[in-house]
Amino acid sequence: MDSDDDYTKDGTMDIYKRPANKKKTGTWKACPYILGDEACERLAYYGMSTNLVNYIQKRLNLGVASSSKAVNNWSGTCYVTPLIGAFLADAYLGRYWTIAGFSFLYIIGMTLLTLSASVKGIRPCNNGTCNPTSSQRAAFFVSIYLIAFGTGGIKPCVSSFGADQFDDNDENEKKKKSSFFNWFYLSINVGALIASSVLVYIQSNVGWGLGFGVPAVAMAIALVFFFSGTRLYRLQPPAGSPLTRIFQVFVAFIRKCHVKTPHDDTLLYETADTESIIVASRKLEHSDEFRFFDKAAVEAESDKVDGLVNPWRLCTVTQVEEVKSIIRLLPIWATGIVFSCVYGQMSTMFVNQGNVMDNHIGPHFRIPSACLSIFDTVSVIFWAPVYDLFIVPLARKYTGNERGFTQLQRMGIGLVISVFAMACAAVLETIRLDMVRKNNYYDSEYVPLSIFWQVPQYFLIGCAEVFTFIGQLEFFYDQAPDAMRSLCSALCLTTTALGNYLSSLLVTIVMNVTTRHGKFGWIPDELNRGHLDYFYWLLAFLSIINFFIYLWISKWYTYKKIAGKT
């Protein structure tokens, strides 16, 4: 029977207080539903995006560079819209209702995409001929950008929602939470595995209507998974606008810019209660970095009106530390952009490179180049449990860290591996172009070099993901203020957006510079006459510079501390 505390004043059940029994909810009991939802949602996402560059080229008649930029821009949008979803989740809706609501928008977009590829009059191809009209192209782009907005409410919330099921105040649950992120990322790649194999084959050999229809059904199944676990979830209530609290600190700081900050931090304003005044947020311990922001927590007579504190004049230490935490995260966040740019090559340049390699398996079967991303997925599925079950215990013996490596060390290892991935891709392309020159394959459909030579570069990217992307998920969740976890997860995801935009920018600059004086450039539509290997080496060079910047930044990073904990 539900207690009276489970209901609001108007008699309706408060979903954020139910269920109250900690032993019957949360932890791993709720995780199968969350992981199942994520696996299906990722199947839907990768099922329509993995081969998207080929659909745009072959059905919408765009060139190699144009189609790559279109995919990069769309993919970038998919990782910017999470800022909207995260804000709504942290401020007003909570993670549960944000995931539910945006999932419906996602399904609408998937349905429209399926119709745009299969219904006569809307689809760009009829009787084997593709002459897309502006309205047909518009229908396609409207559908994929609806998906981009739909995923914006899911991406930043699902991983945080899963981590919410583990109590940070319970040491046993806190250890399990670290493993959750590994298994969460594994579930993503289970969905991606099916998408990059079965669905890419269907799209390339059966039809795009069915190839997009299956992901639409998968998204509907994801929603069923999510709702099925409702009674087991621990739900964190929204804490009000995080942007408002951030602006309050800045306004209070500016108003008191001439006030002297006391050397004794106990003189700064903080509530006497054991809990923070911010809903569902623990108090944060004062830190010495960015001490100028402490002015916002210096008390003055004008800060109170009729005995009530004006939050635009006086902020608590916890509120100030929220702002400091976000600022400390930003440099680490920025170093993830180049890594995401490297990661983004799998859905663009790696596919284009595979298109001009020998993709035959036997005399009658040809593997679609986009299917090679299955080896990235296999790599993640291999390395995620290996990391959790073997690497962590082994590293723990030498580092003494409960997690094996610190989160910053883990991300740094992934950055190093990404350099080798780009070098591997560059060497392969150099060998391929050398064959073109020696054998005059310039006008050939493909070079007699097996597409499976791309496997190492995909496998290395997958290994790098396990270290860097999973490390980022855990790092941004742990180091985020309690009431800003969705927002910080979204901030983490924006590195992927900016990585895609950076890739588009690099392609644009490279093509503008290298096509002067009538030259083909590095990335022409006919790659046999280009120098894609130079582009890969450029990314490897940028990755090396990025790694050393990351080392310098991480050396000075200070981890968040909860008040009252040692």
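**Entry 1: α13 and α15**

I started with how α13 and α15 sit against each other: they are oblique, because their angle falls outside the other classes (under 35 degrees is roughly parallel, over 145 roughly antiparallel, 65 to 115 roughly perpendicular, and the rest oblique). Helix α13 covers residues 374–399 and helix α15 covers residues 455–479; their axes come within 8 Å and cross at roughly 40°. I note that axes are lines fitted to C-alpha atoms, for helices over the stretch in contact, with angles from 0 to 180 degrees between N-to-C directions. Helices here are DSSP runs of H or I with at least four residues, strands are E runs with at least two, and both are numbered from the N terminus.

α13 and α15 cross in a right-handed way (the near helix is turned clockwise from the far one by less than a right angle; anticlockwise would be left-handed). From α13, the residues in the contact include F375, W383 and Y387, and from α15 they include Y458, F459 and F467; contact means heavy atoms within 4.5 Å. I sorted the residues of this contact by class and got 14 nonpolar, 2 polar and 2 charged. For the classes, Ala, Val, Leu, Ile, Met, Phe, Trp, Tyr, Cys and Pro count as nonpolar, Asp, Glu, Lys and Arg as charged, and the others, Gly among them, as polar.

**Entry 2: ground rules**

The model is predicted, so I kept in mind that local features need pLDDT of at least 70 and side-chain atom pairs pLDDT 80 or more, while totals for chains, interfaces and linings use all residues. Residues are numbered from 1 along each chain as its sequence is written, and side-chain values use heavy atoms, with hydrogens and water left out.

**Entry 3: D478**

I stayed on α15, since D478 lies in that helix. Is D478 buried or exposed? D478 is buried, with a relative accessible area of 11% (buried is under 20% relative accessible area, exposed over 50%, partly exposed in between, with a 1.4 Å probe and protein chains only). The side chains of D478 and R403 are joined by a polar contact of 2.5 Å. A polar contact is a pair of N or O atoms within 3.5 Å; within protein, one must be able to donate a hydrogen and the other to accept it, and residues adjacent in sequence count only if both atoms are side-chain atoms. Setting aside neighbours within four places in sequence, I found D478 in contact with K177, R403, Q407 and K560.

**Entry 4: α6 and its two partners**

Next I looked up α6, residues 155–163, whose axis comes within 9 Å of that of α4 (residues 82–118), crossing at roughly 45°. That makes α4 oblique to α6. The crossing of α4 past α6 is right-handed. In α4, the residues that meet α6 include P82, Y96 and I99, and in α6 those that meet α4 include K155, V158 and F161. This contact has 9 nonpolar, 3 polar and 2 charged residues.

What about α6 and α16 (residues 485–514)? Their axes come within 8 Å and cross at roughly 125°, which makes α6 oblique to α16 as well. I noted another right-handed crossing for α6 and α16. K155, P156, C157, S159 and S160 of α6 meet R485, S486, S489, A490 and L493 of α16. By class, that contact splits into 4 nonpolar, 4 polar and 2 charged residues.

**Entry 5: loops**

N51 sits in the loop between α1 (27–49) and α2 (52–59) and is buried, at 1% relative accessibility. Its side chain makes a polar contact of 2.9 Å with the side chain of N54. Not counting residues up to four places away in sequence, N51 touches V200, Q203, S204, W208 and A370.

T230 is in the loop between α8 (208–228) and α9 (242–255), and it is buried too, at 13% relative accessible area. I checked the C-alpha atoms of T230 and A30: they are separated by 8.4 Å, though these residues are 200 residues apart along the chain.

Most residues other than glycine have a negative phi. N61 has a positive phi of about 60° and is not a glycine. I found N61 in the loop between α2 and α3 (64–78), partly exposed at 41% relative accessible area. N440 has a positive phi of about 55°; it lies in the loop between α14 (407–439) and β8 (447–450) and is exposed, at 58% relative accessibility.

**Entry 6: α11**

How many residues of α11 (336–343) are buried? I counted 8 of its 8, among them F339 and Y343.
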